[in-house]
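This briefing is meant for a reader meeting the structure for the first time. Please look over the sequence and the model before reading on.

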Amino acid sequence: MAISKYLESRKNIAGSVCGLAGLGLTFAGVAGPYWPAVVAGLYGAGALIAPPERPEPPDFPDPSAQLDELRGDFEKLSEYLMEVELSPASAGQLTELTNLLTALLAPGWSTQLLAQDPEGLHTLSRAVRQDLPEAVDSYVRARWWTRLTPGQEPPERHLELQLALLRQEAETLAATLRDTEARRQETHSRYLEDRGGG
């Protein structure tokens, strides 16, 4: 394995080319009786001056592929959320949040902007894959314990607070994307004005 890797390496190719040049010198009568040393020396020189091997960078999925995966994860999350029993107030907040996330993940202009915004994509991914499932699951667990030990703080309060914070974060992301689109429109207007004025 290591031998075949070396045979295909830049060092071996450069050395072989220089070694062939040494054979050419030998046939031309320049190297004389020292031709083996000339060929070996030129091979070694070629191997030394060859550029080093460059390892291939890792092939990470592009943002559009990440968004496709995130949509799939959001569908799984939505199926899970439909099975959870929530209070009417929490259910209303959850519906507002999931509607906003659905709009952000819908194919179209928002996902095109998200594909160019790694921070926004990370925020959305964290909400779908971590924050929202954790908020609902911790509520379900805490509700079970509250039934065993009544008189404790209702877990709905924490869930409603968490859902409100997540909705606020998603609204901020939507506003950022809207501002990006507005700046793009303004930039194009200025460009047309400058072109017309020139």
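Does Glu 181 count as buried, partly exposed or exposed, and at what relative accessibility? Glu 181 counts as partly exposed because its relative accessibility is 28%; buried means under 20% relative accessible area, exposed over 50%, and partly exposed in between, with a 1.4 Å probe and protein chains only. This is a predicted model, in which local features need pLDDT of at least 70 and side-chain atom pairs count only at pLDDT 80 or more, while totals for chains, interfaces and linings use all residues. Residues are numbered from 1 along each chain as its sequence is written, and side-chain values use heavy atoms, with hydrogens and water left out.

**Confidence**

- The protein has a mean pLDDT of 84, and 93% of its residues reach 70 or more; pLDDT is the predictor's confidence in each residue, from 0 to 100.
- Confidence is lowest in helix α1 (residues 2-7), with a mean of 69, and highest in α5, with 92. Helices (H or I, at least four residues) are DSSP runs, numbered from the N terminus.
- Where pLDDT is low, the predicted coordinates should not be read in detail.

**Helix α3**

- Helix α3 covers residues 35-49, and its 15 residues should span 21 Å at 1.5 Å a residue. The expected span of a helix is 1.5 Å times one less than its number of residues. The end C-alpha atoms of α3 are 21 Å apart, which agrees.
- Val 39, Gly 46 and Ala 47 are the buried residues of α3. Seen down the axis of α3, these buried residues fall within an arc of 100°, so they line one face of the helix. The arc is that of the directions from the helix axis to the C-beta atoms.
- The exposed residues Ala 37, Leu 48 and Ile 49 sit on the face of α3 turned away from its buried side.
- Helix α2 (10-27) is included in what covers the buried residues of α3.

**Helix α5**

- The 18 residues of α5 should span 26 Å at 1.5 Å a residue, and the end C-alpha atoms are 25 Å apart, which agrees.
- The buried residues in α5 include Ser 90, Gln 93, Leu 94 and Leu 97. Thr 98, Leu 100, Leu 101, Leu 104 and Leu 105 are also buried in α5. Together the buried residues cover an arc of only 160° around the axis, which puts them on the same side of α5.
- An α-helix has 3.6 residues a turn, so residues three or four places apart point the same way.
- Ala 103 also lies in α5, and counts as partly exposed because its relative accessibility is 46%. The C-alpha atoms of Ala 103 and Ala 89 are separated by 22 Å, and the two are 14 residues apart along the chain.

**Ser 87 and Gln 66**

- Ser 87 lies in the loop between α4 (63-83) and α5 (88-105). With 16% relative accessibility, Ser 87 counts as buried.
- The side chains of Ser 87 and Ser 90 are joined by a polar contact of 3.0 Å. A polar contact is a pair of N or O atoms within 3.5 Å; within protein, one must be able to donate a hydrogen and the other to accept it, and residues adjacent in sequence count only if both atoms are side-chain atoms.
- Apart from its neighbours within four places in sequence, Ser 87 is in contact (heavy atoms within 4.5 Å) with Tyr 139, Glu 156 and Glu 160.
- Gln 66 is in helix α4 and counts as partly exposed, at 31% relative accessibility. The C-alpha atoms of Gln 66 and Ala 115 are separated by 8.5 Å, with their positions 49 residues apart along the chain.

**Salt bridges**

- The structure holds 9 salt bridges, a salt bridge being a side-chain nitrogen of Lys or Arg within 4 Å of a carboxyl oxygen of Asp or Glu.
- Asp 131 and Arg 126 form a salt bridge, with the closest N and O atoms 3.6 Å apart. Asp 131 is partly exposed at 22% relative accessibility, and Arg 126 is partly exposed with a relative accessible area of 27%.
- Arg 178 and Asp 179 meet through their side chains in a salt bridge of 3.9 Å, N to O. Arg 178 counts as exposed at 52% relative accessibility, whereas Asp 179 is partly exposed at 34%.
- Glu 181 forms a salt bridge with Arg 184, the closest N and O atoms being 3.2 Å apart. Both residues lie in helix α8 (residues 155-197), 3 residues apart, about one turn of the helix. Arg 184 is exposed, with a relative accessible area of 57%.
- Glu 96, Arg 167 and Glu 171 are joined into one network by salt bridges that share partners.

Technical notes. Helix = DSSP H or I, 4+ residues; strand = E, 2+ residues; numbered from the N terminus.
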